[in-house]
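Thanks for coming. I will put the sequence and the model up, and then go through a few places in it.

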Amino acid sequence: MSDLVMRSRQTIAELFTTFLQFDANRVIGWATDARLRRNIINHQKALSKSENSEDFWVSYWYKKWQSQTENLAKGHLSAYLQEVCYWAANKTVTHFSSGQYTLSDCFQAIVTKTDKVLQGFKPDMGFNIKNYASAIFSSELKELLRQHKEVDISTDWRLLRKLTQKRLVESLENAGLNAQTIESYLLAWKAYQAMYAPRQEKGTRKLARPDDIVWENIAQLYNRDRHSQLSQPGLECSGETIEKWLISCAKAVRAYLYPNMASLNATSGDNSGEFQDILPQLRQESLLSEIIAQEEIAERKSQQSQISNVIIAAIKELDEQEQNIIKYYYQGSLTQSQIAKELGVKQYTISRKLSKCKDILLLKLATWSKESLHISLNSSLLDYMSTLLEEWLQTYYSK
């Protein structure tokens, strides 16, 4: 691993304007985005005094992004989360059995999930955006790798058999096909699902191509249903045409589940006669605004400390075996089978108790949040808190 990534960025300008650069699978340094650098310097000058607090600028740019009053706010936050994304990719790819996907591949795949981090983050809960981003990046990457493994080892015909209609439509929309084409492809896929009943229904992923007779049957079903199910029935299709359509569907699905790696930290290419950014006149922030921002940061840190105390107290209320299960699982990165062997119990016991422990901790955290932060709980918020609890446990036991 390159020592460049180990060097922490020191200044506010570095934290919010630089992006990791890779050469193959090796980190080679930090690249500065000129537009972001000019922008943050302008904003620093607009404030009544120089503000060097990292938390201040996270809150500042998040509010700008949330209110859509600053076009480059997302870029600043994307730069800030580069290291979090790197370590999430590093930790995940290290424990992934296949060597097909490199660290660089994984980083490029999940750095595009910054939007999901920003949209899901709730600063009023008192959690740190880095902790939340780490949990989201790790979760997204694990799911992505799982999907890719399934896609890579399946033939087109097996992939099309196991596919859901929702995923197929999403893939075709992602490929840029128009509504009429998607409608036709979808009907062809339904005919394929109805007419192709291979003997190895639950068996190998190396499912063979349907024979010519099956393709004729698929085409006949499509041609019969097109009059009642398509907004524009179009011409009759042969089995050969239907096969080409379905191969296109499979390609679209693979491209959707495993897109080309395009990095957010790629340069804009605006190097020819570089124009100075046309920025609106920045409004002078008042001293009162700064004081309010600092008070919000202090309050958030206090909430983070209280949340940690609540979870630690809840852990101590678990019995000795439950505490050991939590510790082994998060501190030693042991599998449930390894923990079961260590404690001399069955694997399903570990699975059941681990789920029970996390439910207990989540309930304690949710109850405290409702009573102390006066937050109305719902399923979306509980999912958010569950994600943060997972990251908190990983961070706490890794220290």
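I will start with the overall make-up, then take helix contacts, aromatic rings and some single residues.

First, the ground rules. This is a predicted model, in which local features need pLDDT of at least 70 and side-chain atom pairs count only at pLDDT 80 or more, while totals for chains, interfaces and linings use all residues. Residues are numbered from 1 along each chain as its sequence is written, and side-chain values use heavy atoms, with hydrogens and water left out.

The protein chain has 18 helices and two strands. Helices here are DSSP runs of H or I with at least four residues, strands are runs of E with at least two, and both are numbered from the N terminus. The chain has 399 residues, and 43% of them count as buried. Buried means under 20% relative accessible area, exposed means over 50%, and partly exposed is in between, with a 1.4 Å probe and protein chains only. Take the contacts between residues at least 6 apart in sequence: 70% of them join residues at least 24 apart. A contact means heavy atoms within 4.5 Å.

Now to helix α6, residues 103–110. How many of its eight residues are buried? Seven are, so α6 is largely enclosed by the rest of the structure. The buried ones are L103, S104, C106, F107, Q108, A109 and I110.

Next, two helices that pack against α17, which covers residues 347–372. Helix α15, residues 320–331, packs on α17 at an angle of about 95°, with the axes 10 Å apart. Axes are lines fitted to C-alpha atoms, for helices over the stretch in contact, and the angles run from 0 to 180 degrees between N-to-C directions. That angle makes α15 roughly perpendicular to α17. On the wording: under 35 degrees is roughly parallel, over 145 roughly antiparallel, 65 to 115 roughly perpendicular, and the rest oblique. From α15, the contact uses Q321, E322, I325, I326, Y329 and Y330; from α17, it uses I350, K353, L354, K356, C357 and K358. By class, there are seven nonpolar, one polar and four charged residues in this contact. Ala, Val, Leu, Ile, Met, Phe, Trp, Tyr, Cys and Pro count as nonpolar, Asp, Glu, Lys and Arg as charged, and the others, Gly among them, as polar.

The other partner is α16, residues 336–343, which packs on α17 at about 110° with the axes 8 Å apart. These two are therefore roughly perpendicular as well. Q336, S337, I339, A340 and L343 of α16 meet Q347, I350, S351 and L354 of α17. This contact has five nonpolar, four polar and no charged residues. I350 and L354 are on the α17 side of the contact with α15 and also of the contact with α16.

On to the aromatics. The structure holds 22 aromatic pairs. Rings of Phe, Tyr and Trp, the last by its six-membered ring, pair if their centres lie within 6.5 Å; planes under 30 degrees apart are stacked, over 60 edge-to-face, and the rest tilted. F56 and Y60 are a stacked pair, at 5.9 Å centre to centre and 20° between the planes. Both sit in helix α3, residues 54–67, four residues apart, about one turn of the helix. F56 and Y60 are both buried.

Why is the pair of Y329 and Y330 called edge-to-face? The ring centres are 4.9 Å apart and the planes are at 85°, so the pair falls in that class. Y329 is partly exposed, at 26% relative accessible area, whereas Y330 is buried at 6%. Both belong to one aromatic cluster with W392, Y396 and Y397.

Two residues in helix α13, residues 239–257, start with E243. Is E243 buried or exposed? E243 counts as buried, at 15% relative accessibility. Leaving out residues up to four places away in sequence, E243 touches W157, R209 and W215. I242 is in α13 too, and is buried at 0%. With that same exclusion, I242 touches A188, W215, I218, A219, Y222 and C237.

Last, Q68, in the loop between α3 and α4. Q68 has a positive phi of about 55° although it is not a glycine. At 71% relative accessibility, Q68 counts as exposed.

That is the tour.
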